[in-house]
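Colleague: Please take one residue of this model and look at it closely. Then set it against the rest of the assembly, with the interfaces included.

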Amino acid sequence: MTKPSGIAVKFSRVSRHFGAVRAVDGVSFEIQDGEFFSMLGPSGSGKTTCLRLIAGFERPDAGNIVIHGANVEGVPPYQRDVNTVFQDYALFPHMTVSGNVEYGLMIRKVAAAERRRRSQEMLELVKLESMGERKPNQLSGGQRQRVALARALINQPSVLLLDEPLGALDLKLREQMQEELKALQRQVGITFIYVTHDQGEALSMSDRLAVFNQGRIEQIGAPAEIYEHPATAFVAGFVGVSNVCTGELARRLTGSAQAFAIRPEKIGMIAVPEQGPDGWLSITGRVRVVTYHGATTRYAIALDGGGELAVMQQNAGDGAVFANIGEPVKLTWSRHLNQPLAEGT
Amino acid sequence: MRSEAAGQARHGTRAGLSLKAGALLGVAFLHVPLAFIILYAFSTEDKSFVFPLPGLTLKWFAVAWDREDIRSALSLSLQVGAVSTVVAMLLGTLAAAAVWRSKFFGREAISLLLILPIALPGIITGISLRSALNLADIPFSSFTIVIGHATFCIVVVYNNVLARFRRSSPALIEASMDLGANGLQTFRYVVLPNIATALLAGGMLAFALSFDEVIVTTFTAGQQTTLPIWMLSELVRPRQRPVTNVVAVFVIAVTFIPILLAFYLTRDTHEVAGSGK
Amino acid sequence: MLYLHPKLLLALLLGPPLIWLGVIYLGSLFALLLQSFFYIDDFSGNIVREFSLATYEQLFTRANGDIFLRTSVMAAAVTAAAALIAFPIAYYMVRYASLKVKAALYLAVMLPLWSSYLVRVYAWKLILAKEGIVSWFAERMHLTWLLDAVLSIPVIGGPSLSISYIGSFLVFLYIWLPFMILPIVAALERVPASLTEASADLGATPKQTFRKVILPLAFPGVVAGSIFTFSLTLGDYIIPGIIGNSRPFIGQAVYQFQGTAGNIPLAAAFTVVPIVIMAIYLTIARRLGAFRAL
């Protein structure tokens, strides 16, 4: 199964409107072959619409979409070499699990024996070997999810689209499925395009991700790049938690009015009389809120002179809080950790 | 459907005996007159409705079967029922698919239009059709009967199929297309199996409705006699009362069966067929 | 390819049923209403196809007014009685009956709804006949005096139950009862159990909960059912013909006019009255939320 390596999907200034709403607004990007690419954003940001444009359920109002070198304008979904795992799995309720998995092969008139063999293979791949004769309504959420996966993968698409597939699962199951999906993608080697609103998911699974906001992409890059160097205030705030310092606060801290973001976990807390390392920024304040998150503890620090910063500390020791509500603390961190933000974000 | 435990948990006490008795009696009473009809079909007295019955006999069943007019009325009712049901199934499914898939202007108007033939009194539908057919110079025949029946049967199928559509996910059609099936294949492999039982249930109800209908039929028939028309004329000018009763027994049987089937087909869904006309 | 042209697909789906209903049904209705503006020439007895309100004037005679009044009062009475009887039955079915009993009751109510209209009317003719079951029963229970007393009530009484308004009232009520029960069942089912629990939690007695929470929420179902009972009584001509005195209802009048009299314009004008009444009724019903309960 050698696929040409290169660009799997390319969007060039694609737009899609629904009435007055610009669901996708002049979006351009490229997805490499064999990548695990995530499209991350809040509801209504356009990520799902982009997915549907790739699948063929929507037609762009402007721009064009190229899949593996071929322009797919006017090509209906059943003729694209793309398969989708739907958010609610969309398993055919009147067919057995095997029937569902074999569906794509049946449509292409693959012989029954061959279909059987390949669907059994697929079910083994997703660890559901013994479930072939069950009906979807007899399966748990996680099992249905895997059937949907098998049903899509059996057709050996060049691109697999996943539309928030883990949304309906509980936390533990979701984390387990994330690992399995990532491993599966590496094993099968095809391009996965994954839509989610969960930034933790996107960060942990993707090779690269695109952050969507109101129909546009604010930033594309590898997870670490996006997290450590957010380009805009939106990305800083949506991917992880961030402090955004602008105007007067920025000037107080750094001496210049350039807006920047600083992650709560990068900020160190010391007692007021102590000094941070040379060249580091520092500012004093009082603890306003303390929230315990198990592995970490978060503090909201009301700064002397106005403004507030969020600080996060790992509970590495015996879980004692660094400072209680109302107590004074000094915050200090290295200047180079400040992420400058684009104008007007 | 709530479990029995939940049902009892909703009310600390069980239903008062009077409410329970009243409800059960009330529903039973709906069927008592039918029981009497069946009883009278065995009566030896053929001139009046005297009670108690003077005697019991089976002879009227044979007499009924020998009557040519009854047999041809029955045959016509069955034919008209079959054809109207098929037309109603076709048009009702199309309308249900349209209303389910798209949000278009006038959706509510469509629902109203579909329900009008059944919501307005039958006589209005009847004479409208009759005078329209007169104006168009179309002669009355079984064909015109079918036109009338199909018209008010559409909504029956429509309701059932739409309810089933509403319970299924639109993503199913997209999933099918995503996996390589075009429109026709999607309909055949995914849509149709999904609505099959609802469609069938709607069809059964439509058949029962058509088989039993008399008002619109009277106006759209020419010289033809369906079973209800036959029965109506017997009611007004009785010839052999017990024979009428035998036919009544038969009508009860023939209409009960499709309804039972429709109920059975949809009983484990939330939308039981026939829950509303 | 149709998939990419949703409007075309919609037209193909909606077209056939719309054309059928539009042309056949609406077309006929329109044709009928059109004829109400024609009139019968007194001399020739033919229909004159000229626009005129002469036929409508005929609606305002005393006799015709009586017909409308008679039918409307009967329809209202039947509707009220049906609501009163149907509600407890529906209430029991939804709130108290176990699953099996409920399914059986549901089926039992549904069966007569869809079948045997004539048979059931006929059955009542047997039951109400002078020599029939009711008389026999009254005799056995020594209640014949009661029966006679009821029959001698002016206006609604008569020589026998099968020739009286009481008789037709009973039959109407019996025939349309399932039409009232099922929408109420549907409406009651839509009242989540959590609402009654919340009401109790906030201190209301079961009676108060019923009056203030359940009844108002079930009311659209009652209205929905009443649409059928009212409309069907308004237009029925068979039941009053078989069980009733000879004073006509709207349905019978229409039947007579279009039949041997050949007076289609008057028949058409007559039907306008129930159509208008139902239009008003439906608008009010819609306001009261009945359409969501259908």
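Modeller: I take A:H68, which counts as partly exposed because its relative accessibility is 26%, a value between the 20% and 50% cut-offs. The model is predicted, with an ipTM of 0.81 and a pTM of 0.80. A:H68 sits in the loop that runs from β4 (62–67) to β5 (70–71) of chain A. Its phi is positive, at about 50°, although A:H68 is not a glycine. Most residues other than glycine have a negative phi, so a positive value is worth a look.

A second case in chain A is A:K127, another residue other than glycine, whose phi is positive and near 60°. A:K127 lies in the loop between α3 (112–125) and α4 (141–153). With a relative accessibility of 52%, A:K127 counts as exposed, because the cut-off for that class is over 50%.

Next, the contact of chain A with chain B. Here 24 residues of chain A meet 19 residues of chain B. The two chains bury about 1700 Å² between them, and carbon and sulfur atoms account for 64% of that area. On the chain B side, 39% of the buried area comes from B:E174, B:D178 and B:L179, more than from any other three residues. B:E174 also takes part in a salt bridge with A:R52, with a distance of 2.8 Å from N to O. The rule finds one salt bridge across this interface, along with seven residue pairs in polar contact. Two helices of chain B, α8 (171–178) and α9 (183–212), each give at least two residues to the side that touches chain A. That side is made up of nine nonpolar, eight polar and two charged residues.

Chain B itself has 12 helices and zero strands. Of its 277 residues, 57% count as buried. Among its contacts between residues at least 6 apart in sequence, 74% link residues at least 24 apart.

Chain B also meets chain C, through 95 residues of chain B and 84 residues of chain C. This pair buries about 8400 Å², with 79% of the area on carbon and sulfur atoms. Between chain B and chain C the count of salt bridges is zero, while seven residue pairs are in polar contact. Helix α2 (residues 17–40) of chain B gives the most to the side of chain B that touches chain C, with 14 residues. By class, that side has 65 nonpolar, 18 polar and 12 charged residues.

Chain C has a mean pLDDT of 84, and 97% of its residues reach 70 or more. One residue to pick out there is C:W136, in helix α6 (residues 133–140). C:W136 is partly exposed, as its relative accessible area is 26%. Its C-alpha lies 34 Å from that of C:Y91, and the two are 45 residues apart in sequence.

To return to the starting point, A:H68 is a residue with a positive phi in the loop between β4 and β5 of chain A.

Terms used: Residues numbered from 1 in each chain as written. Chains lettered and ligands numbered in written order. Predicted model: local features only at pLDDT ≥ 70, side-chain atom pairs only at ≥ 80, totals over all residues. Heavy atoms only, no water. pLDDT = per-residue confidence, 0-100. Contact = heavy atoms within 4.5 Å. Buried area = accessible area lost by both parts, 1.4 Å probe. Salt bridge = Lys/Arg side-chain N within 4 Å of Asp/Glu carboxyl O. Polar contact = N/O pair within 3.5 Å; in protein donor to acceptor, adjacent residues only side chain to side chain. Helix = DSSP H or I, 4+ residues; strand = E, 2+ residues; numbered from the N terminus. Nonpolar A, V, L, I, M, F, W, Y, C, P; charged D, E, K, R; others polar. Buried < 20%, exposed > 50% of the residue type's maximum accessible area, 1.4 Å probe, protein only.
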